[in-house]
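User: I am new to this structure. Please walk me through it, and show me how each label is earned.

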Amino acid sequence: MAKGFEDLISKVNSCSTKTVSVAVAQDDAVLEAVRAAKEQNIANAILVGDEDKIKEVAASINMDLTGFEIIDEKDNYQAALKAVSLVHDGKADMYMKGLIDTKSFLKSILDKEVGLRNNRPLSHVCVFEVEGIDRLLFLTDVAFMTYPTLEDKVSIIENTVEVCHACGIANPKVAPLAAVEVVNPKMPVTVDAAELTKMNEEGKITGCIVDGPLSMDLAIDPQAAIHKGTTDRKIVGDADVLLFPDIHAGNITYKTLVHTANVKNGNIITGTKAPVILTSRSDDFQTKVNSIALGSVVAEAMKNN
């Protein structure tokens, strides 16, 4: 079971080397990340975009492009379609956003002919290694689904549990978060959380343990469970997955962790035929490398399944 990104990278190194296809690759941060991924034997890369600009950016960061396949396409959206088709056709294992706007990138994922649609809702999962916590935390959804319905939350759990399994967590504990840990009909989030717990108990959500509603402290701090007298819960400060009620709660938590705590993290979109790496331009270099490693682990699990 991976407890940190070093474990994940070790897991990657025990698998066949994966290939990431990059849409509009003329981006310094992305090129630095794929260079590091190649050097660390995490993944190879196919760079799709304006070849002249790719070479110009590579020169600016002293990057040797030897060993990288480059596909020249000046038009950004056409480059995205070519890049995603490589994954669709099995010539690459995962798809990564380069210097292209998020709307166009997502449009390429959903393209009916060459995209990665999987007849499931797409959702976003962030995997965090947090100093002081002895396991990886899976945060979802902090970037994609805005106001998930109960049905959406089921899909988010299913998507995220697959990522947990790929990381070696056989039966992850999922905490549907709320401000309180009891059901209050005036707080619909708590009603949804209780329903998700019931669905898990009835075998409608499998491969995990769901226990909600839970406040954040009860989800991640065992001492809080002792102080509040809730040690009879299925989750007593040892949640693996933090399921947020909406994008605001998730995004605020994500950015608070990134900007105030000692963390490592990686992010992917799930619910697709192959892992999709969507990071922000504000994400640091290591986050992009970690995201490629995470995508590689998930790609290996998808191949084996």
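**Pockets, cores, cysteines and cavities**

Analyst: The lining of the second largest pocket divides by class into 9 nonpolar, 7 polar and 2 charged residues. Keep in mind that this is a predicted model.

User: How much space lies in the second largest pocket, and which residues are closest to its centre?

Analyst: The space is about 230 Å³. Of its 18 lining residues, the closest to the centre are Asn159, Glu162, Val163, Val298 and Met302. Helix 6 (150-166), strand 10 and helix 11 each give two or more residues to this lining. Helix 6 gives the most, with 5 residues.

User: What makes a residue part of a pocket lining?

Analyst: The test is an atom within 4 Å of a pocket point. In the largest pocket, which holds about 510 Å³ of space, 27 residues form the lining. Closest to the centre are Tyr254, Asn267, Ser280, Ser282 and Asp283. The elements giving two or more residues are helix 5 (102-109), strand 5 (123-130), helix 10 (247-260), strand 10 (263-270) and helix 11 (285-304). Helix 10 gives the most, with 5 residues.

User: What classes of residue line the largest pocket?

Analyst: The lining of the largest pocket has 9 nonpolar, 12 polar and 6 charged residues.

User: What makes a cavity a cavity rather than a pocket?

Analyst: A 1.4 Å probe fits in a cavity but cannot get out, whereas a pocket is open. There are 2 cavities of 30 Å³ or more. The largest has a volume of about 70 Å³. Its lining is Asp27, Ala29, Val30, Lys97, Gly98, Thr279, Ser280, Arg281 and Lys288. By class, that is 2 nonpolar, 3 polar and 4 charged.

User: Why does the second largest cavity count among those of 30 Å³ or more?

Analyst: Its volume is about 50 Å³, and the cut-off is 30 Å³. It passes. Helix 7 (residues 188-201) supplies the largest share of the lining, 3 residues. By class, the lining has 7 nonpolar, no polar and 2 charged residues.

User: What makes a set of residues a nonpolar core?

Analyst: The members must be buried and joined through side-chain atoms within 4.5 Å. The largest such core has 58 residues. Val34, Ile42, Leu47, Phe138 and Ile292 touch the most other members. Beyond its neighbours within four places in sequence, Val34 is in contact with Val20, Val22, Ala45, Leu47, Met63, Phe68, Met96 and Ile292. Another core, of 22 residues, lies apart; among its members are Val24, Ala83, Val87 and Leu122. In soluble globular proteins, nonpolar side chains tend to be buried together.

User: How do you know how many disulfides the structure holds?

Analyst: A disulfide needs two cysteine sulfur atoms within 2.5 Å. The count is 0. Take Cys15: the closest cysteine sulfur, in Cys167, is 11 Å away, so the pair is too far for a bond. Cys164 is in no disulfide either, with the sulfur of Cys167, the nearest, 6.9 Å away. That distance is over the 2.5 Å limit, so this pair fails too.

User: Why is Cys15 called partly exposed, and Cys164 called buried?

Analyst: Cys15 has a relative accessible area of 22%. The partly exposed range runs between 20% and 50%, so Cys15 belongs there. Cys164 has a relative accessible area of 0%. Buried means under 20%, so Cys164 is buried.

Definitions and conventions:
Residues numbered from 1 in each chain as written. Predicted model: local features only at pLDDT ≥ 70, side-chain atom pairs only at ≥ 80, totals over all residues. Heavy atoms only, no water. 1 Å grid on protein atoms, 1.4 Å probe; cavity = no way out; pocket = protein on both sides within 12 Å on 5 of 7 lines; lining within 4 Å. Points joined across faces, edges and corners; volume = space filled by probe spheres on them. Helix = DSSP H or I, 4+ residues; strand = E, 2+ residues; numbered from the N terminus. Nonpolar A, V, L, I, M, F, W, Y, C, P; charged D, E, K, R; others polar. Buried < 20%, exposed > 50% of the residue type's maximum accessible area, 1.4 Å probe, protein only. Contact = heavy atoms within 4.5 Å.
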